[in-house]
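Let's take a friendly walk through one model, looking at how some of its helices pack and where its empty spaces lie.

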Amino acid sequence: MTSPETSPDPRLAESAFLKAARGEPVPHTPVWFMRQAGRSLPEYLEVRSGVGMLESCMDPALVIEITLQPVRRYGVDAAIFFSDIVLPLKAVGVDLDIKPGVGPVVAKPVRTLADVDAIPDLTPDQVPFITEAVEGLVAELGGTPLIGFAGAPFTVASYLVEGGPSKEHARTKAMMFGAPDVWDALMRKIAGISAAYLEVQVAAGASAVQLFDSWAGALTPRDYRDQVMPHSAAVLARAGALGVPRIHFGVGTANLLGLMGEAGADVVGVDWRTPLAEAIGKVGDRGVQGNLDPTLVFAPTDVMTARAAEVIEAGRAATGHIFNLGHGVIPTTDPDQLMRLTEFVQSYGS
Ligand code: 1CP
């Protein structure tokens, strides 16, 4: 089944988020929140009740509803597609689940070249539900851009090799150090899957992409540059060929921000540990995204907004600045406080 050719909504040309991502002047600092959909929203808990995480990601009506929830509630400047970084692995047939309160769990962790070779590449016909959800969303979103996303090779590899969430990523890094042929094959495999996953989302109408390398901060700059960056760069190059802005994000990446930009990002996502001014100095002529400490929403509103103002002011020195938290919304966050934060950022200085 082919979908009718639709041209982008003309209001997208005025999007503050897309302008900032391209380094153009903005009417206000745009704002969205990583994990803006999810457990902090009562309407999310309601629609997810009794439905598994992966099952929800494969149900276009549910994906559309969950992605729209924070846009309706907060009026944020961008929507992020509701999915998960391991969803494309599930789609190609990797036996995995997303366990409540745990995260992705892989039944048979990847350890050998044969394990890597057994993972099929991703083709668009394996994810028709993604195309359907993105097309439906873009139609509903109108002038609000949709951010597509994928996991970067290192972060996705960590789940595949460890078999689940990990603090040290010890087995993953042991493979990187000790079995370079297996590592290279695995990184190439994931890069191909993540790039194909982004291509499907952009073909269906996503206006920007974010590559999540959440756990890259576990690496030294040398190992990142030699063993990881070329594979993330391959994903970003394929996304760049689609003509959409690319955001590249990781946690604890103060030492890697320059390299993460050089990997091919238009905008580098910064966690809250690095002062934004410092990050701007490291990424050169690129935009930045971030970076309010996600726990500041638990502080009194005036404390939160004073810190948000500092982030906005620091962001003025960047080629472009997209306001965000330094990592995802914490599930116990009060949505009313995020509402106040959104209004504060969007009206700041006007
Ligand atoms: O049942 C649930 O509600 C499960 C919680 C949940 C949700 C809401 C998971 C399990 N994934 C998601 C959705 C999700 N995952 C989104 C879209 C929502 C939005 O931003 O509004 C996105 C962008 C992701 C990406 C993702 N998944 C990342 C990168 C972002 C990050 O937070 O650093 C990572 C590392 C994952 C793995 C994952 N999936 C789920 C959990 C709890 C985890 C982390 C596990 C760990 O700590 O290792």
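What follows covers two helix contacts, one pocket and one cavity.

Please keep in mind that this is a predicted model.

**Helix packing**

Two helix pairs share α10, and the table sets out their geometry.

| Helix pair | Axes come within | Crossing angle |
|---|---|---|
| α9 (residues 170-178) and α10 | 6 Å | roughly 115 degrees |
| α10 (residues 180-203) and α11 (residues 221-240) | 9 Å | roughly 20 degrees |

Let's begin with α10 and α11, whose axes cross at roughly 20 degrees. That angle makes α10 roughly parallel to α11, and their crossing is right-handed. On the α10 side, the contact is made by W183, D184, M187, R188, A191, G192, S194, A195, A196, L198 and E199. Facing them on α11 are Q227, V228, H231, V235, R238 and A239. Sorted by class, the residues of this contact of α10 with α11 are 9 nonpolar, 4 polar and 4 charged.

Now for α9, whose axis crosses that of α10 at roughly 115 degrees. The two helices, α9 and α10, are therefore roughly perpendicular to each other. Here T172, M175, M176, F177 and G178 of α9 meet P180, V182, W183 and L186 of α10. This contact of α9 with α10 has 7 nonpolar and 2 polar residues, with no charged ones. W183 is worth finding in the viewer: this α10 residue is listed in the contact with α9 and also in the contact with α11.

**The largest pocket**

How much space lies in the largest pocket? The volume comes to about 1,400 Å³. Its lining is made of 47 residues, and those closest to the centre are R35, R39, D84, G103 and P104. Four elements give two or more residues to this lining: α2 (42-48), β2 (96-99), β3 (103-106) and α8 (153-162). Among the elements, α2 gives the most, with 3 residues. As for chemical class, the lining of the largest pocket divides into 26 nonpolar, 14 polar and 7 charged residues.

**The largest cavity**

Moving on to enclosed space, the count comes to 1 cavity of 30 Å³ or more. About 30 Å³ of space lies in the largest cavity. Which residues line the largest cavity? They are L12, V138, L141, G142, T144, P145, L146, G205 and S207. By class, this cavity lining has 5 nonpolar and 4 polar residues, and no charged ones. The lining of the largest pocket, by contrast, includes 7 charged residues.

Definitions and conventions
Residues are numbered from 1 along each chain as its sequence is written. This is a predicted model: local features need pLDDT of at least 70, side-chain atom pairs count only at pLDDT 80 or more; totals for chains, interfaces and linings use all residues. Side-chain values use heavy atoms; hydrogens and water are left out. Axes are lines fitted to C-alpha atoms, for helices over the stretch in contact, and angles run from 0 to 180 degrees between N-to-C directions. Angles under 35 degrees count as roughly parallel, over 145 as roughly antiparallel, 65 to 115 as roughly perpendicular and the rest as oblique. A crossing is left-handed if the near helix is turned anticlockwise from the far one by less than a right angle, and right-handed if clockwise. Contact means heavy atoms within 4.5 Å. Ala, Val, Leu, Ile, Met, Phe, Trp, Tyr, Cys and Pro count as nonpolar, Asp, Glu, Lys and Arg as charged, and the others, Gly among them, as polar. On a 1 Å grid over the protein atoms alone, a cavity is a set of points where a 1.4 Å probe fits but cannot get out, and a pocket is an open set with protein on both sides within 12 Å along at least five of seven lines; lining residues have an atom within 4 Å of a point. Grid points are joined across faces, edges and corners, and a volume is the space filled by probe spheres set on the points.
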